[in-house]
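Student: I should like a close look at a single part of this model, taken slowly and with its surroundings. Please give one connected account rather than a list.

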Amino acid sequence: VQLQASGGGLVQAGGSLRLSCAASGRTFSSYAMGWFRQAPGKEREFVAAIRWSGGSTDYADSVKGRFTISRDNAKNTVYLQMNSLKPADTAVYYCAASTTMSTLKADQNYWGQGTLVTVSS
């Protein structure tokens, strides 16, 4: 599966952005999908994941209540709605695909290129 992320940009603290990740391949709907991020000078970290059916999601504590992951299997696309953004959310965001949510969080993933999100104070 190949992944193409988009939607990053510059936003003020408290603002919102929606990231999209378009996937190619006929088996998109069978994969768990997710988002990771890497801030300057820091390791890549898990942000959010969604089961292949969309019926189960998981979030990092740092984004719970502010970010929402969703997917549209008909469009082969996964989304990350980010609200109440903080400067600490500034990072390159990567979308990922894996066979299960567990393997996705364990970093056993297909990766897309990143999209930069910058939150100004």
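The account below starts from one strand and its partners and then moves on to other sites.

Student: Which strands pair with strand E5 (residues 45-50), and how many bridges join E5 to each of them? Please continue from there to the disulfide and to the loops.

Tutor: The model is a predicted one, and the description that follows should be read on that footing.

Strand E5 covers residues 45-50, and five of its six residues are buried, so the strand is mostly covered by the cut-off of under 20% relative accessible area. On one side of the account stands strand E4 (residues 32-38), which runs antiparallel to E5 and is joined to it by five bridges. Within this pairing, glycine 34 has alanine 49 of E5 as its bridge partner. The two strands E4 and E5 form a hairpin, with six residues between them. The turn of that hairpin contains glycine 41, whose phi is positive at about 75 degrees.

E5 also pairs with strand E6 (residues 57-59), again in the antiparallel sense, over three bridges. Here isoleucine 50 stands opposite threonine 57, a residue of E6. E5 and E6 likewise make a hairpin that has six residues between the strands, and in this hairpin glycine 54 takes a positive phi near 85 degrees.

The disulfide comes next. The count comes to one disulfide, and this link joins cysteine 21 to cysteine 95, with an S to S distance of 2.1 Å. That distance meets the criterion for a disulfide because the two sulfur atoms must lie within 2.5 Å. The pair links distant parts of the chain: cysteine 21 belongs to strand E3 (residues 17-24) and cysteine 95 to strand E9 (residues 91-98), 74 residues apart. The link of cysteine 21 and cysteine 95 is right-handed, with 50 degrees about the S-S bond. Both cysteine 21 and cysteine 95 are buried.

Threonine 115 offers another buried site. This residue lies in strand E11 (residues 115-120), and its relative accessibility of 10% is why threonine 115 counts as buried. Its side chain reaches the backbone nitrogen of glycine 8 at 3.1 Å. Apart from residues up to four places away in sequence, threonine 115 touches Ala5, Ser6, Gly7, Gly8, Leu19, Ala91, Val92 and Tyr93.

The loops provide the remaining sites. Serine 84, in the loop between strand E8 (77-82) and E9, has a positive phi of about 50 degrees although it is not a glycine. With a relative accessible area of 41%, serine 84 is partly exposed. Threonine 100 is found in the loop between E9 and H1, and a relative accessible area of 36% makes threonine 100 partly exposed. The side chain of threonine 100 reaches the backbone nitrogen of serine 102 at 3.3 Å. Its C-alpha atom is separated by 25 Å from that of alanine 39, and threonine 100 and alanine 39 are 61 residues apart along the chain.

Aspartate 107 follows in the loop between helix H1 (101-105) and strand E10 (110-111). Aspartate 107 has a positive phi of about 70 degrees, although it is not a glycine, and at 37% relative accessibility aspartate 107 counts as partly exposed.

Terms used. Residues numbered from 1 in each chain as written. Predicted model: local features only at pLDDT ≥ 70, side-chain atom pairs only at ≥ 80, totals over all residues. Heavy atoms only, no water. Helix = DSSP H or I, 4+ residues; strand = E, 2+ residues; numbered from the N terminus. Buried < 20%, exposed > 50% of the residue type's maximum accessible area, 1.4 Å probe, protein only. Polar contact = N/O pair within 3.5 Å; in protein donor to acceptor, adjacent residues only side chain to side chain. Contact = heavy atoms within 4.5 Å. Pairing = 2+ DSSP bridges.
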